[in-house]
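Some labels on a structure rest on cut-offs. The questions below ask how each label follows from its value.

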Amino acid sequence: MDLIDISELKPHPRNEEFFDPITGIKWNEFLKSVKERGVIEPVIVTPEKVIVSGHHRVRACKELGIKEIKCVVRIYDNEDDVVRDLIETNIRQRGDVGGSEMKMAARIKELERIYGIQHGAKLFQGNQHQEVIANNYPSPKTQSDLATEFGISIATWKNYKRLADAIPELATAVDSGQVTKTTAIAMMRKLSETEQKELLSELGDSKKITNSDVNKYIELLNESQKEVDIAKRKVSELEEQLANTPVKTVKVIPDDYDDLKEAAEASQERVRQLKVELVQAKEKAEESGKSYMKLYKDFSKLETEMKRREGTPEQVKIAERDFQYFVSATNSFLRNYGGHIWAFNEFHNMPDYEKQDVIKAVKALDAFAQQLIRNLEGNIT
């Protein structure tokens, strides 16, 4: 037995995986006991000074300012022996360690792994000893042996073992107290992992989930499944009827087939002609647009010249002559383009880029006309 400085001792990295820390009144009572009586049972550590048994004793000494503590340095063959001692020694010394249901399940699952109960070492059955296949396992124990050491029945042991495989969402619900161990095991037995997640999600974390909730959820699932089965059966029956129904091809020729065909051909020819005429109209419209734009420029020049010469008889004569030209040119433009105004009836059939060109030309024409009207109206007395 050695007296070791508290600061040199290290907690086992898996201790919190298997045990909850003592808190509240129990911790205060434990702290008082150490203060009054000291540490009676020495701490068990590895040669590397990792604590195997005595985490709470070391914690109490740190809080009370005790610098050194008695330790037994124990040599282990492998890490599994360390973990086995970590679990079993704490249980022997502390009895009912209480705490989280999930950590109890973790202790049970880990001991079964170490003892090979799930990995080849055959169990004792009654008083009959059966061969232990894996020679590297410690002295064989049955589930019943381990359950007795834990102070629980074999049925409870098996339930905890099953609980160790709970999905994370269910494990959290058990730790928080939302779901009891019994209800959690019922959920694992009766529901798939996906259904467990759905049930936990639907009820949220504010409501405690009971066996009654689980049974109601299962009833709903069963009802939904019945409806699905009925639907599948109906679909199957319809598919079978369809597969057994002979398919007959009937060619029906309407009485007015020839008339409809002739009308369709005539419509196609008319569409072709309209397309040709539309192209021609577009070309003439472009030419007229250019003429009109030239007319607009000439008028602008005329307006500028009028302002420059405004007031003299000679300027009035020139203006009269130019206005006569403007009126004549405008009438000529309308005569040349007016015959193609029908083309706008086919505007919706034109490509988008051509529609944009036409819209721009018409807007320019409108702007020109509006400007002329504003200028003329301002000079009418």
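A salt bridge here is a side-chain nitrogen of Lys or Arg within 4 Å of a carboxyl oxygen of Asp or Glu. The model is predicted.

Q: Why is the pair Glu 112 and Lys 161 called a salt bridge?
A: The closest N and O atoms of Glu 112 and Lys 161 are 3.0 Å apart. The cut-off is 4 Å, so the pair qualifies.

Q: What does the pair of Glu 112 and Lys 161 tie together?
A: Glu 112 lies in helix H5 and Lys 161 in helix H7, so the pair joins parts that are 49 residues apart in sequence.

Q: Is Glu 112 buried or exposed, and how do you know?
A: Glu 112 has a relative accessible area of 0%. Buried means under 20%, so Glu 112 is buried.

Q: What makes Lys 161 partly exposed?
A: Its relative accessible area is 21%. Partly exposed lies between under 20% and over 50%, so Lys 161 falls in that class.

Q: How do you know that Asp 165 and Lys 109 meet in a salt bridge?
A: Their side chains are 2.6 Å apart, N to O, and the limit is 4 Å, so the pair counts.

Q: Why is there no disulfide between Cys 61 and Cys 71?
A: The sulfur of Cys 61 is 9.2 Å from that of Cys 71, its closest cysteine sulfur. A disulfide needs sulfur atoms within 2.5 Å, so this pair is too far apart for a bond. The count of disulfides is zero.

How values were computed:
Residues are numbered from 1 along each chain as its sequence is written. This is a predicted model: local features need pLDDT of at least 70, side-chain atom pairs count only at pLDDT 80 or more; totals for chains, interfaces and linings use all residues. Side-chain values use heavy atoms; hydrogens and water are left out. Helices (H or I, at least four residues) and strands (E, at least two) are DSSP runs, numbered from the N terminus. Buried means under 20% relative accessible area, exposed over 50%, partly exposed in between (1.4 Å probe, protein chains only).
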